[in-house]
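Colleague: I am new to reading models like this one, and I would like a close look at a single part: the packed inside of the second chain. Please take me through it slowly and explain the words as you go.

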Amino acid sequence: MRDSTARAIGLALAALYAASIVWLYVREPQSVAEMTGALSASVGAYRIDARAFDDGLRFFRGEQFDAARLAFARADPARQDARTQFYVAYSFYRQGWGRVYNDVDLFAQGVAAIDRAVAVAPGGRIVVDDPDLKMHSADELKAELQTGLQRGASDLNPMKLFRQRK
Amino acid sequence: MTHIREAFVLPLLFLTVALLGGVRVADRVVLLPPPLFALVLAVILTGVLVKSGALAPDRLINASRPGLANANGVVVLVSLVAAAAQAFNVAIPEFGLPRLLFSVFLFVLLINTLAASPDRVRVLRSMLVIFTSAFVLKFIVLAAVSDPTGGRMKRLLLAMLEGVTLGTLTQDAYRPATGYLAFITLTLFVSGLALLPPRAMLALERQSRTLLPPDQEPRR
């Protein structure tokens, strides 16, 4: 191999390798599915499994939130679809919501899921047009989840017992 | 130095160190970027390598070389600094008193080496000792102290550290894979340091020694 050819190939390889390392450190994929999904999402080729998503939506509407999340995980294994991750976050909200107190762990997982959704949404904006939901945007859902995580004197307000789940 | 080593071996080796240096395997795989202090140590280490003759930057970048060769040289230098930062990231504990102690110890050690101006071989030996010691302390001693299940090693260390609050010493418990990866990372890094182009005088001296018969070899 000619000296200059080898040097050019070496340079290109090193640049590609360095870019992949930076990408890995920024995205931190946890599985091969997440890695390939994130790669295909970056070129706009990522598609969710529509049938699994419909199953998830059916479970979600039937209040079977654990089953819904399993189906959503099948639909969006790389966690690159903003709408699916929005529903995952919403399932954590609905499951964790309580008239007397909220499940802090589930709400925290909901915040993580909505953050993931916002991170992959174009422009960070998510609006889901679903009449079954009372909150349609990521901003509303995140604010509701964060409010649910806060502790304060308002927790002792008896009127809290009359609030409605969204 | 061959162009293959400069264009392929060194950059890919150092970039692999930069990749593996931040990997921590716990319940999930975490990739830790190097802390700012690791970057400072990496720059000092590069200075030590240059001063000792273990690295001759002018053999990687100079006006008489073609642009492409100089670009390869720049890649080697940049990847060396990145790898050094990640090697220190591996070697230094993640938080608490051990992090502070390791950081200060490594900083003083590197400054001392810089001031002493040792030759290439001594610097490489010194790096081997520094990284081996740091590895043993972090991944064997501290890992044993931080092991939530305990064990003979932990009991022994607890007896030795009687009176010390363990809260200041314990670290996150990682899976054993983290230690193996750290070992591979540090081995690759030290091997890469040995492959760097040395100062021309040193290279010529070594070449002349191999050409001369044993009885005419210059006395050192």
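Modeller: What follows starts with the ground rules, then goes to the core, two of its helices and the contact with the other chain.

This is a predicted model, so local features are described only where pLDDT is at least 70 and side-chain atom pairs count only at pLDDT 80 or more, while totals for chains, interfaces and linings use all residues. Residues are numbered from 1 along each chain as its sequence is written, and chains are lettered from A and ligands numbered from 1 in the order in which they are written. The pLDDT is the predictor's confidence in each residue, from 0 to 100. For chain B it averages 85, and 80% of the residues score at least 70. For the complex, the predictor gives an ipTM of 0.81 and a pTM of 0.72.

Let's get our bearings in chain B. It has eight helices and two strands; helices (H or I, at least four residues) and strands (E, at least two) are DSSP runs, numbered from the N terminus. Along the sequence they follow the pattern α-β-β-α-α-α-α-α-α-α. Of the 220 residues in this chain, 31% are buried. A residue is buried if 20 or more other C-beta atoms lie within 10 Å of its own, exposed if 12 or fewer, and partly exposed in between, with the C-beta atoms placed from the backbone. Two residues are in contact if their C-beta atoms, placed in that way, lie within 7 Å. Among the contacts in chain B with a separation of 6 or more, 82% join residues 24 or more positions apart.

Now for the core. In soluble globular proteins, nonpolar side chains tend to be buried together. A nonpolar core here is a set of buried Ala, Val, Leu, Ile, Met, Phe, Trp, Tyr and Cys residues joined through C-beta atoms within 7 Å. The largest one holds 46 residues, and those touching the most other members are B:Phe14, B:Val17, B:Leu49, B:Ala83, B:Ala84, B:Ala87 and B:Phe88. Six helices of chain B each supply at least two residues: H1 (3-20), H2 (36-52), H3 (67-91), H4 (96-116), H5 (120-146) and H7 (176-195). The biggest share comes from H3(B), with eleven residues. If you zoom in on B:Phe14 and ignore its neighbours within four places in sequence, you find it in contact with B:Ser79, B:Leu80, B:Ala82, B:Ala83 and B:Gly192. A second, separate core of 25 residues includes A:Ala71, A:Ala75, A:Ala82 and A:Phe92.

Two of the helices repay a closer look. H2(B) has 17 residues, which should span 24 Å at 1.5 Å a residue, and its end C-alpha atoms are 25 Å apart, in agreement; the expected span is 1.5 Å times one less than the number of residues. Its buried residues are B:Ala38, B:Leu41, B:Ala42, B:Leu45, B:Val48, B:Leu49 and B:Ser52. They fall within an arc of 120 degrees seen down the axis, so they line one face of H2(B). That arc is taken from the directions from the helix axis to the C-beta atoms. The cover over these buried residues includes H3, H4, H5 and H7 of chain B. Just after H2(B), B:Gly53 has a positive phi of about 90 degrees.

H4(B) has 21 residues and reaches 31 Å from its first C-alpha to its last, close to the expected 30 Å. Buried here are B:Pro98, B:Leu106, B:Leu110 and B:Thr113. Their arc around the axis is only 85 degrees, which puts them on the same side of H4(B). On the other side, B:Val104, B:Val108, B:Asn112 and B:Ala115 are exposed. H2, H3 and H5 of chain B are among what covers the buried residues of H4(B). After this helix comes B:Ser117, with a positive phi near 50 degrees.

Finally, step out to the contact between the chains. It takes 20 residues from chain B and 16 residues from chain A. On the chain B side, H1, strand E2 (29-31) and H3 each supply at least two residues, and H1(B) gives the most, with nine.
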